[in-house]
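Here are some friendly notes to read alongside the model. They begin with one residue and work outwards to the chains.

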Amino acid sequence: MYSIAKENLNSLYAAIAGSYDLFMPIKTAGQTNYGFWKEGAEGDIDTLKTIRSGKDAFFPQVEQLYTVNREIVPADVAAGDDAEKAANTPIRTKLNVTPGKLVDQDFVIFGMRPCDVRAIEVMDNVFLTDPVDSYYKSRREHGIVVALACHEPEESCFCTVFGVDPADPSKAKADVATWMIDGKLYWKALTEKGEALTAKVANLFEEADADAKVEEEKAYIEGIAKQLPNADLSLEGWGAGKTDEKFKSEVWDKVYKGCLGCGTCTFVCPTCQCYDIKDYTTKDGIQRYRCWDSCMYSDFTLMAGGQNRQTQLQRFRQRFMHKLVYYPTNNDGMFMCVGCGRCVEKCPQSLNIVKVIKAFAENK
Amino acid sequence: MQELINRLKELIADGTVVRAIGWKKGDMPYNPEPAYFEKPEDFDNFVYDGFCGANLSKMMIEAGKLEGKTAVCLKPCDTYSFNQLIREHRVNRENTYIIGVGCRGKLDIEKARKAGIKGIKSISGIDIEGDGDVTFDTIYGEKKMAYTDLMLDRCHVCKGKDHVIFDEVIGESKDTGDADRFEEVIKIEKMTPEERFAFFKSELSKCIRCNACRNVCPACSCRKCVFDNTKFDSQQKANVDSFEEKMFHIIRAFHVAGRCTDCGECSRVCPEGIPLHLFNRKFIKDIDTFYGEFQAGKDPEAQSPLTDFTFDDLEPKDAVGRGDK
């Protein structure tokens with residue numbers, strides 16, 4: 001294990017950024033979100049919850065898939081040197097398709113919390129199974145995840161309900177596990193990728209024999225996690241195979257009413273992975289991009305025939321059925337929620353997945 | 001609060017209204033949610049305290065279409081929004097029973113988070129009748145904050161303690177204003193155009209296009225928003241370039257100009273803490289300067305300066321560059 005003093009973190013960021021693109025929590029205009037670190041940026045690993053989750057690292061909100069442009073082929077070129085033929089040849093156009101660039105360089109995601117790391121596993125089940133998403137896959141192959149333990153979990157956190165351990169990032173599928181204890185960051189490489197990153201910046205580290213210290217920190221965090229108000233939230237009745245029972249429940253009609261139909265919960269969620277594919281009209285063609293979509297929006301999965309979900313009750317139900325029933329049904333019982341609590345903090349109307357689970361428990 | 005609950009139950013029992021719109025207790029001490037109440041037992045979960053900041057007036061657009069009257073709890077500033085909705089023929093006054101509820105300023109849990117308060121188990125001192133500091137019992141010990149330090153920014157520029165429309169008022173209100181409403185706008189006006197652009201760019205680049213500001217805004221009551229048009233390149237959910245969001249927010253600000261009552265819901269709900277109210281407040285300040293003082297929603301009969309014409313109106317050329325002075 002290695003350590004580095006908190007006040008030297010900026011040199012660590014600079015050193016990492018010297019070899020890799022560094023994606024990490026950065027404070028801008030008073031809020032902390034993931035972004036690419038560059039000299040002068042305010043790296044912030046003290047804030048427990050970034051507003052947007054770490055999912056942008058692998059699945060950005062907007063991503064260019066390819067561009068198509070129409071090239072006009074002059075008649076004389078099309079017709080060769082034959083002037084008479086050229087005069088009778090209509091202008092021809094050719095469509096050029098340029099694929100978006102896949103990520104081909106290693107990059108580092110720094111300071112990811114164990115819940116957000118678990119969320120990567122949730123997304124992997126979607127994007128890395130057939131048909132494999134090449135854009136996502138290239139990012140996953142090149143991303144090096146440095147996970148950070150949650151020194152002081154907050155009341156909106158309920159990750160332990162989904163088996164996430166906020167105290168021990170080495171249990172998460174990360175490449176490096178870190179702990180911030182008494183002004184020092186402790187660093188332990190977990191994988192080959194993690195070792196390679198460590199070797200690049202090792203000159204900034206001190207060797208640390210800190211196993212006891214880390215164990216003490218883990219015990220402290222576990223003690224806090226047990227006291228969180230939603231630590232005992234029960235998922236009984238949810239999971240694979242519950243589609244009929246839950247879909248037909250009358251509880252939905254009671255819980256959705258305050259929903260504004262905005263996309264806050266879906267966009268701050270680390271596991272929401274629905275997207276739309278759209279064309280942006282350019283001078284001579286289109287830019288085809290994909291962007292996060294929200295099942296809360298009225299045009300979600302709208303098709304020419306108009307048959308998408310027509311009411312907010314249906315949209316609201318879809319979001320929670322997807323997370324707590326459909327996804328587990330298709331993924332060996334794994335839930336599509338990691339208990340990060342961002343929706344708990346950010347819903348404008350104070351609705352959230354915890355309230356939904358509790359409402360069903362009360363109305364059994 | 002009990003007086004309010006009793007009265008709402010009574011109004012339902014005697015047939016004056018069929019249902020009430022108020023706030024339902026949350027599962028945290030700070031997250032009550034807007035909700036409907038019909039049966040006496042529904043009121044077991046009714047709450048009205050410092051965290052009931054949501055402006056319920058917009059819910060009356062839909063509730064007003066339901067069979068029978070609906071009672072709605074409106075704080076003094078919410079009544080301006082309701083009046084404006086009447087002016088725009090978006091709510092049915094006949095079908096509404098307005099309970100003006102007392103207010104001593106509403107609270108913002110983000111203010112506590114910014115002050116480092118976390119692991120909250122319970123909160124005291126947020127009752128509507130209360131007075132004094134707010135105490136947080138947390139996993140990390142007891143913390144205190146002054147009520148005013150925890151108030152939403154909008155409450156520091158309070159419109160006053162009077163409800164401008166109501167059927168009856170329950171509870172006392174207090175004018176919590178202690179700041180100049182246009183101070184922030186003036187600060188931005190004094191910036192150079194480059195500084196101003198940089199300021200808005202850094203704020204708006206945080207936008208995630210969740211549309212919470214639009215969906216909560218009582219002035220955004222279009223049946224179908226232009227940004228929900230699927231044939232439009234700048235559609236709701238994507239920011240094609242890193243600053244494309246500006247278009248959404250600026251179009252929205254123009255669209256609500258002269259109609260925005262400055263209720264502050266846009267900034268309250270923004271997950272990224274963007275001070276969206278500043279756009280609207282700039283328009284309000286300009287309207288005051290160029291057409292005389294006007295408060296949208298104060299009088300449902302009043303003609304809005306932007307939908308009126310007189311030969312004395314300001315010429316565009318005289319308005320250009322006004323921010324640089």
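**Notes on a predicted two-chain model**

1. Let us start with a single residue. Asp137(B) is partly exposed, because 14 other C-beta atoms lie within 10 Å, and a residue needs 20 or more to be buried and 12 or fewer to be exposed. Please keep in mind throughout that this is a predicted model.

2. Where does Asp137(B) sit? The residue belongs to strand β6 of chain B, which covers residues 134–138. Setting aside neighbours within four places in sequence, Asp137(B) is in contact with Lys121(B), Ser122(B) and Glu142(B). Ile126(B) makes a useful ruler here: 11 residues separate it from Asp137(B) in sequence, and the two C-alpha atoms are 13 Å apart in space.

3. The strand around Asp137(B) is part of an open sheet. Three strands of chain B make up this sheet in the order β5-β6-β7, and their pairing is antiparallel. Its edge strands are β5 (120–124) and β7 (141–145), each of which pairs on one side only. On average, neighbouring strands in the sheet are turned by 20° against each other, direction ignored.

4. Now for the pairing itself. Strands of a sheet pair through backbone hydrogen bonds, in a parallel or an antiparallel way. Here β5(B) and β6(B) are antiparallel and share four bridges. If you would like one bridge to find on screen, try Ile120(B), whose partner in β6(B) is Thr138(B).

5. Stepping back to chain B as a whole, there are 11 helices and eight strands. Its radius of gyration is 21 Å, close to the 20 Å given by the globule rule for 325 residues, so chain B is as compact as a globular protein of that length. Along the principal axes, its C-alpha atoms fill a box of roughly 60 × 50 × 40 Å. Of the 325 residues of this chain, 42% count as buried. Among contacts in chain B with a separation of 6 or more, 68% come from residues 24 or more positions apart.

6. Helix α6 of chain B deserves a look of its own. This helix runs over residues 193–204, has 12 residues and reaches 16 Å from its first C-alpha to its last, close to the 16 Å expected at 1.5 Å a residue. Which residues of α6(B) are buried? Phe200(B), Glu203(B) and Leu204(B) are. They lie on the same side of α6(B), because they cover an arc of only 90° around the axis. On the other side of α6(B), Glu194(B), Glu195(B) and Ala198(B) are exposed.

7. The two chains touch each other. Their contact takes 38 residues from chain B and 45 residues from chain A. On the side of chain B that touches chain A, β2 (33–37), β5, α6 and α7 (212–216) each supply at least two residues. The element of chain B that gives the most to this side is β2(B), with four residues. Both the edge strand β5(B) and the helix discussed above, α6(B), are thus among the elements that supply residues to the contact.

8. Turning to chain A, there are 13 helices and 12 strands. The C-alpha atoms of this chain fill a box of roughly 90 × 60 × 40 Å along the principal axes. Of its 364 residues, 41% count as buried. For contacts in chain A between residues at least 6 apart in sequence, 70% join residues at least 24 apart.

9. Strand β12 of chain A (residues 285–292) is a good place to follow pairing in that chain. Seven bridges join it, antiparallel, to strand β4 (residues 62–73) of chain A, and one of the bridge pairs is Thr67(A) with Gln287(A). Strand β11 (residues 275–282) of chain A also pairs with β12(A) in the antiparallel sense, over eight bridges. Ile277(A) has Arg290(A) as its bridge partner in β12(A). A hairpin of two residues joins β11(A) to β12(A).

10. One last item is strand β1 of chain A (residues 2–5). With strand β10 (residues 206–207) of chain A, β1(A) pairs antiparallel over two bridges, and Tyr2(A) is matched with Glu207(A). With strand β9 (residues 184–189) of chain A, β1(A) pairs antiparallel over four bridges, and the partner of Ala5(A) in β9(A) is Lys184(A).

How values were computed: Residues are numbered from 1 along each chain as its sequence is written. Chains are lettered from A and ligands numbered from 1 in the order in which they are written. This is a predicted model: local features need pLDDT of at least 70, side-chain atom pairs count only at pLDDT 80 or more; totals for chains, interfaces and linings use all residues. Two residues are in contact if their C-beta atoms, placed from the backbone, lie within 7 Å. Two strands pair if DSSP finds at least two bridges between them. Axes are lines fitted to C-alpha atoms, for helices over the stretch in contact, and angles run from 0 to 180 degrees between N-to-C directions. The radius of gyration is taken over C-alpha atoms; the globule rule is 2.2 Å times the number of residues to the power 0.38. The expected span of a helix is 1.5 Å times one less than its number of residues. The arc is that of the directions from the helix axis to the C-beta atoms.
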